[in-house]
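Hi,

Here is the structure I promised to pass on. Have a look at it first, and then read my notes underneath.

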Amino acid sequence: MSTVFGLIIQGKIPSKKVFENERILAIEDIHPVAPVHILIMPKKEIPDIHSLEPQDWPLVGEMMSVAQKIAEEKGIVDGYRLVTNNGPNAGQTVFHLHFHLIGGRVLGHLG
Ligand code: 5GP
């Protein structure tokens, strides 16, 4: 595994885990932009959302389900955002698919 998230998944770099099962890991973002900022990622190495293939759809659905569960646990169901950046021009810096789950404050409109 070649990215920082790959190393986190392997346990070679420490992280604050919020959720983990055989397929998915969720951790706290190291530079949070809101009181709740969680990264939800598949353990499978997929660079970005545009690289997803039809066999990955169930995995993406499970990532959504994990996002719902964490939003409930964090008490932010009244307002949260689930974002994925695809490619450098969208601000992607780690090329291992992840959703940012952001909430805990009033969020401005998308820029
Ligand atoms: P991207 O820019 O690819 O959409 O998001 C990457 C995110 O990963 C950023 O929000 C950044 O703060 C976070 N990040 C980068 N390196 C680490 C790390 O080593 N640990 C954790 N927990 N988050 C990281």
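**Contacts with the ligand**

A backbone N or O atom of Gly91 sits 3.0 Å from an oxygen atom of the ligand. Before you read too much into that, keep in mind that this is a predicted model. Two histidines also turn up: a polar side-chain atom of His98 is 3.0 Å from a ligand oxygen atom, and for His100 an N or O atom in the side chain lies 2.9 Å from an oxygen atom of the ligand. As for how covered the ligand is, it would expose 520 Å² if taken alone, and the protein buries 83% of that.

**Who surrounds it**

There are 16 residues around the ligand, and the ones that come nearest are Glu28, Asp29, Asn85, Thr93 and His100. So you'll meet His100 on both counts: it is among the nearest residues, and its side chain makes the 2.9 Å approach to a ligand oxygen.

What sort of residues make up the shell? By class, seven are nonpolar, seven are polar and two are charged. Helix H1 (4-9) and strand S2 (24-28) each put in at least two residues, with H1 giving the largest share, three residues.

**The pocket itself**

Where does the ligand sit in terms of pockets? The space it takes is the largest pocket. That pocket has a volume of about 380 Å³, and H1 and S2 are the elements that give two or more residues to its lining. H1 has the largest share here too, with three residues.

In total, 19 residues line the largest pocket, and Phe5, Ile27, Asp29, Ile30 and Leu39 lie nearest its centre. Asp29 is worth finding on your screen: it is listed both there and among the residues that come nearest the ligand. By class, the lining divides into nine nonpolar, seven polar and three charged residues.

Shout if anything is unclear.

Cheers

Conventions: Residues numbered from 1 in each chain as written. Predicted model: local features only at pLDDT ≥ 70, side-chain atom pairs only at ≥ 80, totals over all residues. Heavy atoms only, no water. Near = heavy atom within 4 Å. Polar contact = N/O pair within 3.5 Å; in protein donor to acceptor, adjacent residues only side chain to side chain. Areas by Shrake-Rupley, 256 points an atom, 1.4 Å probe, with all protein chains shown as cover. 1 Å grid on protein atoms, 1.4 Å probe; cavity = no way out; pocket = protein on both sides within 12 Å on 5 of 7 lines; lining within 4 Å. Sits in = over half its atoms within 2 Å of the grid points. Helix = DSSP H or I, 4+ residues; strand = E, 2+ residues; numbered from the N terminus. Nonpolar A, V, L, I, M, F, W, Y, C, P; charged D, E, K, R; others polar. Points joined across faces, edges and corners; volume = space filled by probe spheres on them.
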